[in-house]
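User: I'd like to learn how to read a few side-chain features in a model like this. Can you walk me through some?

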Amino acid sequence: MRVITGTARGRKLKDLPGMDTRPTTDKVKESIFNIVQFDVEGRRVLDLFGGTGQLGIEALSRGAGRCVFVDSSRQAAAVIRDNVALTGFSDRAQVVQGDAISFLGSCREKFGLAFLDPPYAADLLEKALFRIAEIDIMAENGIIVCESAAEKALPTLPAPYEKGREYRYGKIKLTLYHRRA
């Protein structure tokens, strides 16, 4: 697992031991950033189910202004902190060890880009999406990128949120949501 491009290009990131975390493959990560390439620069980013922090770190490497990483696992939060320090982004990153849905309830910040990649077997993706829409933590024209199993049907959200395109990569599906102005 490495940073694909930007100021930290080529840096290898620490991984979590065991099989509890499913890192996004380089192919899918590259596809994500090809899709949002013009929507990263200067934005506040939320990496909600951070794991190793690779999506948020990739965004920082490509010019995002700030990233908040959230993961419920103490071990994952420690790995994210290590990876953020390794890539030199500690001054633009905040790592929160805690429940993602609870974090959303207390969040007082607006984000231009959010990555949601929870464990596939849990129902956390839908809960997080509805909570984001309810609290309205996305900035105008903000983008939510969801990673899920290819067969999973994701919900429609209330306005001003709009479900966008879906992209399939084998057993993985990316779904975009946009917050309209």
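Analyst: Sure. Keep in mind that this is a predicted model. Let's start with F33, which is buried, with a relative accessible area of 0%. F115 is buried too, again at 0%.

User: How is a pair of aromatic rings described?

Analyst: You give the distance of the centres and the angle of the planes. Searching the whole structure here turns up one aromatic pair. It is made by F33 and F115: the ring centres are 5.6 Å apart and the planes sit at 50 degrees, so the pair counts as tilted.

User: Which parts of the chain does the pair link?

Analyst: Distant ones: F33 belongs to helix α1 (residues 26–35) and F115 to strand β4 (residues 111–116), with their positions 82 residues apart in sequence.

User: Now a charged residue. Which side chain of opposite charge is nearest to D47, and how far away is it?

Analyst: For a salt bridge, look for a side-chain nitrogen of Lys or Arg within 4 Å of a carboxyl oxygen. The nearest candidate for D47 is K29, at 9.7 Å, so by that cut-off D47 has no salt bridge, although it is buried. D47 sits in strand β1 (residues 44–47).

User: What does lie around D47, then?

Analyst: A polar atom of the D47 side chain is 3.0 Å from the backbone nitrogen of G56. Leaving out residues up to four places away in sequence, D47 touches several others, including L55, C67, V68 and F115.

User: And P158, where does that lie?

Analyst: In the loop between β5 (138–149) and β6 (161–169). P158 is partly exposed, with a relative accessible area of 44%.

Note on methods:
Residues are numbered from 1 along each chain as its sequence is written. This is a predicted model: local features need pLDDT of at least 70, side-chain atom pairs count only at pLDDT 80 or more; totals for chains, interfaces and linings use all residues. Side-chain values use heavy atoms; hydrogens and water are left out. Helices (H or I, at least four residues) and strands (E, at least two) are DSSP runs, numbered from the N terminus. Buried means under 20% relative accessible area, exposed over 50%, partly exposed in between (1.4 Å probe, protein chains only). Rings of Phe, Tyr and Trp (its six-membered ring) pair if their centres lie within 6.5 Å; planes under 30 degrees apart count as stacked, over 60 as edge-to-face and the rest as tilted. Lys and Arg count as positive and Asp and Glu as negative; His and the chain ends are not counted. A polar contact is a pair of N or O atoms within 3.5 Å; within protein, one must be able to donate a hydrogen and the other to accept it, and residues adjacent in sequence count only if both atoms are side-chain atoms. Contact means heavy atoms within 4.5 Å.
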